[in-house]
Amino acid sequence: MGRITAVVIGSMLLGIGINGFLVPHHLIDGGIIGLALILHYYFDLQAGLWSALLSVPLILFAWIKDRPQFHGSVYGMIMTAIFIDILAPIRFSLPIWASAILGGAICGIGVGLMLRYKTSTGGTDLIAYFIAKVTPLSIGLIIALMDLFIVLLGYQTLGLQSIVFSSITILTAGVLANICYEGF
């Protein structure tokens, strides 16, 4: 599989995971996409567009520090934003616990696949990539910690039930992102 294929498949998985499983229950994926989802829930803004706009400073950082990662990230950011917004009508009617687990799994596989091929959504997974390169921490753990912080920011807007199930989503996504990144 090539880098472009990983970007397309990973972005499509993120669009499906977010819209099909998270949005129906007002769950958050965490990170930059999580911030974009909070803006979507609170102000009815397009989550994909806002995830791209919020990622611009991180993309610029990648331009300075790691040009190959920049190129993959800018394409990943654009494709993810497009897939999140064009797949917005997709909704699956499942219980919240099933949506939290399946949404987290699908998003985690999408992010892990992209990271494995040196690309990303340009969000906090890009920060995690740089931190993992210089520390002994796994990329999945870093993503999970940053994403849990973002979920806690959403508590006021979303309430306790959403935060609890969003945490399950994020932990599931972090584990699967790490498995996909490190290898099966």
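Lys118 is found in the loop between α5 and α6, and in this predicted model its backbone angle phi is near 55°, a positive value in a residue other than glycine. To see what makes that worth pointing out, it helps to know that most residues other than glycine have a negative phi. Lys118 counts as partly exposed, because its relative accessibility is 45% and the class of partly exposed residues lies between the limits of 20% and 50%.

A second residue can be read in a similar way. His26 is found in the loop between α1 (3-22) and α2, and the phi of His26 is near 55°, again a positive value in a residue other than glycine. With a relative accessibility of 39%, His26 counts as partly exposed.

From the loops we can turn to the helices, starting with α5. Arg116 lies in helix α5 and is partly exposed, with a relative accessible area of 39%. If you look for Leu53 in the model, you will find that Arg116 and Leu53 are 63 residues apart in sequence, while their C-alpha atoms are 24 Å apart in space.

Helix α4 offers two residues of another kind, and the first of them is Ser73, which is found in this helix. Is Ser73 buried or exposed? Its relative accessible area is 0%, so Ser73 is buried, given that buried means under 20%. Leaving aside residues up to four places away in sequence, Ser73 touches Ile59, Thr119, Ser120, Thr121, Gly122 and Leu126. By contrast with these contacts, the C-alpha atoms of Ser73 and Gly159, which are 86 residues apart along the chain, are separated by 32 Å.

The second residue is Thr80, whose place is also in helix α4. Thr80 is buried, with a relative accessible area of 1%. A polar atom of the Thr80 side chain lies 2.7 Å from the backbone oxygen of Gly76. When residues up to four places away in sequence are not counted, Thr80 touches Ser11, Leu14, Ile33, Met114 and Thr121. Thr121 is therefore a residue to remember, because it appears among the contacts of Ser73 and among those of Thr80.

A comparable arrangement can be followed in helix α9, which is the place of Ser167. Here a polar atom of the Ser167 side chain lies 2.9 Å from the backbone oxygen of Ile163. Ser167 also touches Leu148 and Val151, again without counting residues up to four places away in sequence.

The aromatic rings come next. A pair of such rings is described by the distance of the centres and the angle of the planes. How many aromatic pairs does the structure hold? There are three of them, and two are described here. In one, the rings of Tyr42 and Phe43 have their centres 4.6 Å apart and their planes at 90°, so this pair is edge-to-face, a description used when the planes are over 60 degrees apart. Both Tyr42 and Phe43 are exposed.

In another pair, the rings of Phe61 and Phe130 have their centres 5.4 Å apart, and because their planes stand at 90°, this pair too is edge-to-face. Phe61 lies in helix α3 and Phe130 in helix α6, so the pair ties together parts that are 69 residues apart in sequence. The two partners fall into separate classes of accessibility: Phe61 is partly exposed, with a relative accessible area of 39%, whereas Phe130 is buried, with a relative accessible area of 14%.

The last stop is the empty space inside the model. Rolling a probe the size of a water molecule over the atoms shows where empty space is left. The count comes to one cavity of 30 Å³ or more, and the largest cavity has a volume of about 170 Å³. Its lining is made up of 21 residues, of which Asp29, Ile33, Val111, Thr121 and Asp125 lie nearest its centre. The elements that give two or more residues to this lining are α2 (31-43), α3 (47-65), α4 (67-86), α5 (96-116), α6 (124-134), α7 (139-153) and α9 (160-182). Sorted by class, the lining of the largest cavity has nine nonpolar, nine polar and three charged residues. Two of the residues nearest the centre, Ile33 and Thr121, have been met before, as residues that Thr80 touches.

Methods
Residues are numbered from 1 along each chain as its sequence is written. This is a predicted model: local features need pLDDT of at least 70, side-chain atom pairs count only at pLDDT 80 or more; totals for chains, interfaces and linings use all residues. Side-chain values use heavy atoms; hydrogens and water are left out. On a 1 Å grid over the protein atoms alone, a cavity is a set of points where a 1.4 Å probe fits but cannot get out, and a pocket is an open set with protein on both sides within 12 Å along at least five of seven lines; lining residues have an atom within 4 Å of a point. Grid points are joined across faces, edges and corners, and a volume is the space filled by probe spheres set on the points. Helices (H or I, at least four residues) and strands (E, at least two) are DSSP runs, numbered from the N terminus. Ala, Val, Leu, Ile, Met, Phe, Trp, Tyr, Cys and Pro count as nonpolar, Asp, Glu, Lys and Arg as charged, and the others, Gly among them, as polar. A polar contact is a pair of N or O atoms within 3.5 Å; within protein, one must be able to donate a hydrogen and the other to accept it, and residues adjacent in sequence count only if both atoms are side-chain atoms. Contact means heavy atoms within 4.5 Å. Rings of Phe, Tyr and Trp (its six-membered ring) pair if their centres lie within 6.5 Å; planes under 30 degrees apart count as stacked, over 60 as edge-to-face and the rest as tilted. Buried means under 20% relative accessible area, exposed over 50%, partly exposed in between (1.4 Å probe, protein chains only).
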